[in-house]
Amino acid sequence: MNATLRLTIAILLPLQWIGIRLSGVHLPPQWEVVGAGLAIFGAAFILSWAAEVAQADIPQALALAFLALIAVLPEYAVDIYFAWSAGKDPTYIPYATANMTGANRLLIGLGWASVVVTFWLKTRHRQVVLDRSRSIELLHLVLATTYSFMIPLKGTLSWLDSAVLLAIFVSYMIAASKAKVVEPELDGGVGELLMQLQPNLRRSATIAMFVYAGLGIYLSAEPFAEGLLATGRTFAIEEFLLVQWLAPLASESPEFIVAIVFALRGHPGVSIGTLVSSKVNQWTLLIGTLPLAYNLSAGHLGPMHLDARQIEEIFLTAAQSLFAVAVLANLSFSLAEAGLIFGLFATQLFFTDPFFRHLYAIAYILLAVVWLIVSRSSRQGLAAMVVERWAGKGMATSHQK
């Protein structure tokens, strides 16, 4: 499929839903999920292509951070809708945390692992090595993960969590902005098609794509979210599970596809770097904005109180993140490590009892501790990240290998 056809299809997917919304047509809940989900799917591709081209004008580390942020924008729209609704109806609080925890665990358990497997299938190389500049993402992921354990301990999401997590996100964006500008590596596709335009026309087209995709996402978030809940009630499927797994799959699948394409092009380090950046964005900006949306909607300051299920899910998600950081601390990711991360993620889906959520969370934490004790390279990598960051060395001048 050529680039023009792919771009045309991506444009038509949000267009069909924009037409439905503006015409005032009301569909059954399951068809609203399909129509709005397709719009989100197409919009996510448009956003990813536009952000990919931005590497020509801004530092690559910042462009990858921006690409990761844009790629998860559909996820933000759905989750913030749930948080906003929770400010008026507290029964929506579980759905906000369900979407957030599902998205984060999918990103590591399925996304990171799929890149390594894809690269191995293409090249038979059993290991992906990340550039030293990826330490920016990993260090901030360490900070966010460490703090995230405070949320299940408190049993609430509050303005304090917003302040801390948003501060980590701002620090990450500032650090990424200091990297050097490099020409983006585009091996065909929509990105290369856009790069052939004159600079001013290319920038205008990119802005137009952002606006159009943003409109599609804005018009899709509410019906997609409400359609999921209504579909669950209609077919007697637990709404929490639909929101936790189906919603992130729909909104993040374009991001996974983009990462796999990078791996197929022979750039697995960039691929993993983009997904790690997405994890930082979700673990800081996404979680940090939920209490803000909740308080703005409620009209007063107050914490989002979490029930036992939500506390267990956030604890498990934080523990998975801790183990993932320990594995990636040496800036390499092997096929065996990817298999372990995927295996732990996939098997937990078959056990829904709270006992197993605690069991898997404790297993992740113990594995992380043992990993750092046994793996000298992981310990050294983690120490080097901290030293380089606080000494102010290396980060601004890092370049792709």
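Which side chain does E312 meet in a salt bridge? In this predicted model, the partner of E312 is R357, with an N to O distance of 2.9 Å. The two residues belong to distant parts of the chain, E312 to helix α13 and R357 to helix α15, 45 residues apart. E312 counts as buried because its relative accessibility is 10%, and R357 is likewise buried, at 9%.

**Salt bridges**

The whole structure contains 8 salt bridges. Three of them are listed here with the distance between the N and O atoms.

| Basic residue | Acidic residue | N to O distance |
|---|---|---|
| R357 | E312 | 2.9 Å |
| R309 | E238 | 3.1 Å |
| K154 | D161 | 2.9 Å |

The bridge between R309 and E238 also links distant parts of the chain: R309 is in helix α13, while E238 is in the loop between α10 and α11, 71 residues away. E238 is partly exposed, at 38% relative accessibility. In the K154 and D161 pair, K154 is partly exposed, with a relative accessible area of 32%, whereas D161 is buried at 0%. Salt bridges join R105, E238, R309, E312, E313 and R357 into a network.

**Aromatic pairs and charges over rings**

R309 has a further contact: its charged end sits over the ring of F240, 4.1 Å from the ring centre. The charged end of R124 is placed over the ring of W120 in the same manner, 4.4 Å from its centre.

There are 13 aromatic pairs in the structure. In one of them, the ring centres of W112 and F333 are 6.4 Å apart and the planes stand at 85 degrees, so the pair is edge-to-face. W112 is in helix α5 and F333 in strand β4, so this pair ties together parts 221 residues apart in sequence. W112 is buried, with 0% relative accessibility, and F333 is buried with a relative accessible area of 0%.

Another pair, F323 and Y364, is tilted, with 6.1 Å from centre to centre and 40 degrees between the planes. F323 lies in helix α13 and Y364 in helix α15, so the pair ties together parts 41 residues apart. Both F323 and Y364 are buried. Elsewhere, ring pairs connect Y81, F82, Y92 and Y95 in a cluster.

**T347**

T347 is located in helix α14, which covers residues 335-348. Its relative accessibility of 32% makes T347 partly exposed. The T347 side chain reaches the backbone oxygen of G343 at 2.8 Å. Between the C-alpha atoms of T347 and Y360, which are 13 residues apart along the chain, the separation is 9.7 Å.

Notes: Residues are numbered from 1 along each chain as its sequence is written. This is a predicted model: local features need pLDDT of at least 70, side-chain atom pairs count only at pLDDT 80 or more; totals for chains, interfaces and linings use all residues. Side-chain values use heavy atoms; hydrogens and water are left out. Rings of Phe, Tyr and Trp (its six-membered ring) pair if their centres lie within 6.5 Å; planes under 30 degrees apart count as stacked, over 60 as edge-to-face and the rest as tilted. Helices (H or I, at least four residues) and strands (E, at least two) are DSSP runs, numbered from the N terminus. Buried means under 20% relative accessible area, exposed over 50%, partly exposed in between (1.4 Å probe, protein chains only). A charge sits over a ring if NZ of Lys or CZ of Arg is within 6 Å of the ring centre and within 35 degrees of the ring normal. A polar contact is a pair of N or O atoms within 3.5 Å; within protein, one must be able to donate a hydrogen and the other to accept it, and residues adjacent in sequence count only if both atoms are side-chain atoms. A salt bridge is a side-chain nitrogen of Lys or Arg within 4 Å of a carboxyl oxygen of Asp or Glu.
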